[in-house]
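Please read the following report alongside the sequence and the coordinates. It takes up a few local features in turn.

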Amino acid sequence: MKIKCGGGVVALSESQSEAQHPKIEDREPRKKKVVVLGTGWGATSFLKGLDASLYDVQVVSPRNYFAFTPLLPSVTCGTVEARSIVEPVRNIIKKTNGEIKFWEAECIKIDAADKKVLCRCNIENLVGSGEFSLDYDFLVVAVGAQVNTFNTPGVKENCHFLKDVEDAQKIRLSVIDCLEKAVLPSQSEEEQRSNLHFVVVGGGPTGVEFAAELHDYIQEDLIKLYPSVKDKVKITLIQSGDHILNMFDERISSFAEQKFTRDGIEVQTGCRVLSVNDQEITMKVKSTGSVCSVPHGLIVWSTGICTVPVIRDFMQEIGQAKRHVLATNEWLRVEGCENVYAIGDCSSINQRKIKDDIIDIFKAADKNNSGTLTIEEFQEVMDDIIVRYPQVEYYLKKKNILDLRVLWNDPQGNEREEIDIEGFKLALSLADSQVKSLPATAQVAAQQGAYLANCFNRIDHIEEHPEGPRRFTGSGHHNFRPFRYKHFGQFAPLGGEQAAAELPGDWVSIGHSTQWLWYSVYASKQVSWRTRYLVVSDWTRRFIFGRDSSRV
C-alpha cells in the first residue's frame, strides 16, 4: 500500500506477501517503526504530539534530557540552576499515548539505502559493545547543530561555547575562577586586568544575553564579594557586522548598543577574529584594516552554527554534499529520501519557486485551453497558489495588497480583461523574491515537530481525504498542507531588568515591562510543571538572596 505524505510518496511495504505467509486471523498488523534522532526542541515537540500507539517509536540521543536552551545564558551566572531547565526524556515519553523506547546513544551513521541507523553508546565503563543498529520505516532527524568556528585558529582549544547545559556550567565555573585568580596576592595589576577581561564573540541574541547576564552578575553580586577588583573588570562584545542584534528591528539594535555603552560593556563592531590563544585574542578592524591583540581571561564564542559530522556524511550519501544544511521539501521530507524527515537546526526547507511551475500553473488554470486566463480563472487558482507557495502571501502582505485583482492589472495599473502566459509570469514573478530561509531557533524547531506529529497521526485518514493544495505538476491534491511557520515574536534580555521584544504586527517593546513579559512567556513555555516551578523559584531566590558564587 502507498500513501502520499509530505508531498512525496512514502512506501509502506508489507513484510511478506499473503502467499508466503498464510493469513492468521488474530495476528495484529506490524506497527511501522519510527526512529527519532535527538531530544531537542524539534524531537521533543514531535514526541509530545505523536500518537505513539500507532507506531513502534524509538528515540536515540546522547542526552537523556530536554533542555530549555533560551535560558542557558541565565545558567552561566547562577540566575537559574541547570537542573531547573532540564526535563528527563523518560519523564516526557511516559506521559505519551503508547510506548516509546529511549536509547542513550549517539547516531554515527544513517544508511538510507538499507533503512538503518548505526548508533554508539558513549557511557564510560560500559560492559560489552556499545554499538548497535536500528531498522526504521520512518526516520525523523532532529540532531541539531554544532557551533561554527569558521576554522579560526585556537577557538576550539581556548574558547567556551554556549550550546548546551554542560557548556553553561563550565562558563559559570570559569567566571568564578577568573575572579579568584585576580585576587591572589601574587597577581600584578596588569595580570588582574587580563584575568578580568571577559570577551564575548558574536552579537546575536545568545552573545548579547550572556553579556547582559554577566554584567548583572558582576555588578549585583560579585563586586560585593570581590571589592578589590571593582574597577578592573571589563566586558567586551565583538561583532563582525555593523550592529549587534542585526536580525531584530533597528530600534532594538540601537537601544541595545546604547544601553551597553551606558553599562560599561564595550561593543566593538566591524571586527573579525583572526586567532585565539590562551592569553590573547587577535582581531582585524574592517574599517581601518589594522590588526590588534588584547589579553583575556575568558572568551565565549557565539557566532552561529554548522552541521554535525553525521549529517555531513548523510548529505554526501544522498547527493547534498554542496549544501550547508540538510535540504527538505515543504513537508519536511529530506530531498532524495522518501522515508526520512528532518526538523530543527540540522535542516532547511528548500521552498519551491513559482517560476519553476509557472507553465503548469497556467495550464491548470486555463481550463478551456484558450491560451489566456479570465479574472475568474485567475482567482480560482490563486487560493491553491497561496497555500502551495507561501512567498506569495508574504509578497501580498509586504505590498499591502488586499485584493488579488491588483495582480491582474497591467504595468500601468489598468485592469485587463484577459491575461496571457507572459502577463501571468509578470503578475507572480516578483513573489519569489520573498523566499527566505527560516531562522535556526527553538520556535521554528518546535513548530516543525508539532506539524510533523500531526501528519503522522493522520496518515491513514488523509489518504482518502487529502487536505493539501492542488498538484500543479500532476493530478489530484497533496495529502497535507505544507508546513507554514508562524512567528510569535522574539525577545532580547538586555540586563538591568530590561528587555526588548519584537512581536507580530511590527510591534516593538523595550523596557522593564518587557522584562516581565519575558518572565511570563518563558515560564509558560517550560516543558513541564516541574521545570516551570523550579525556574520561577530560581528567579524568586535571585531577587531575595542574589546569585550563588560557590564553585560547585
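The report below covers aromatic contacts, one helix, one sheet and one annotated region.

**Aromatic contacts**

The model is predicted, and it holds 20 aromatic pairs. One of them joins F46 and F456, whose rings meet edge-to-face at 5.5 Å centre to centre with 85° between the planes. This pair links distant parts of the chain, since F46 belongs to helix α1 (residues 41-49) and F456 to helix α14 (residues 442-457), 410 residues apart. Both F46 and F456 are buried.

A further pair is formed by F68 and Y522, which is edge-to-face because the planes stand at 75° with the ring centres 5.6 Å apart. F68 sits in the loop between β5 (65-67) and α2 (72-76), whereas Y522 is part of helix α16 (residues 512-524), so the contact ties together parts that are 454 residues apart in sequence. F68 counts as buried because its relative accessibility is 2%, and Y522, with a relative accessible area of 13%, is buried as well.

| Pair | Centre to centre | Angle between planes |
|---|---|---|
| F46 and F456 | 5.5 Å | 85° |
| F68 and Y522 | 5.6 Å | 75° |

Both F68 and Y522 also belong to one aromatic cluster, whose members include W41, F66, F491, W516, W518, Y519, W539 and F543.

**Helix α7**

Helix α7 runs over residues 205-225, and its 21 residues reach 29 Å from the first C-alpha to the last, close to the 30 Å expected at 1.5 Å a residue. The helix nevertheless bends by about 40° at I218. Is α7 mostly covered or mostly uncovered? It is mostly covered, with 15 of its 21 residues buried.

**The sheet β27-β28-β29**

Three strands make an open sheet in the order β27-β28-β29, and their pairing is antiparallel. The edge positions are taken by β27 (490-495) and β29 (507-511), each of which pairs on one side only. With direction ignored, neighbouring strands of this sheet are turned by 10° against each other on average. Between β27 and β28 (residues 498-503), the antiparallel pairing extends over five bridges, and G495 stands opposite Q498 in β28. In general, strands of a sheet pair through backbone hydrogen bonds, either parallel or antiparallel.

**The annotated region**

An unreviewed UniProt entry places the feature "domain: EF-hand" at residues 353-388. In the predicted model, the chain over residues 353-388 is 72% helix and 6% strand, and the C-alpha atoms at its ends are 10 Å apart.

Definitions and conventions
Residues are numbered from 1 along each chain as its sequence is written. This is a predicted model: local features need pLDDT of at least 70, side-chain atom pairs count only at pLDDT 80 or more; totals for chains, interfaces and linings use all residues. Side-chain values use heavy atoms; hydrogens and water are left out. UniProt positions are given in the numbering used here, feature names are shortened, and annotations may be inferred rather than shown by experiment. Helices (H or I, at least four residues) and strands (E, at least two) are DSSP runs, numbered from the N terminus. Two strands pair if DSSP finds at least two bridges between them. Axes are lines fitted to C-alpha atoms, for helices over the stretch in contact, and angles run from 0 to 180 degrees between N-to-C directions. The expected span of a helix is 1.5 Å times one less than its number of residues. The bend at a residue is the angle between axes fitted to the seven residues ending there and the seven starting there. Buried means under 20% relative accessible area, exposed over 50%, partly exposed in between (1.4 Å probe, protein chains only). Rings of Phe, Tyr and Trp (its six-membered ring) pair if their centres lie within 6.5 Å; planes under 30 degrees apart count as stacked, over 60 as edge-to-face and the rest as tilted.
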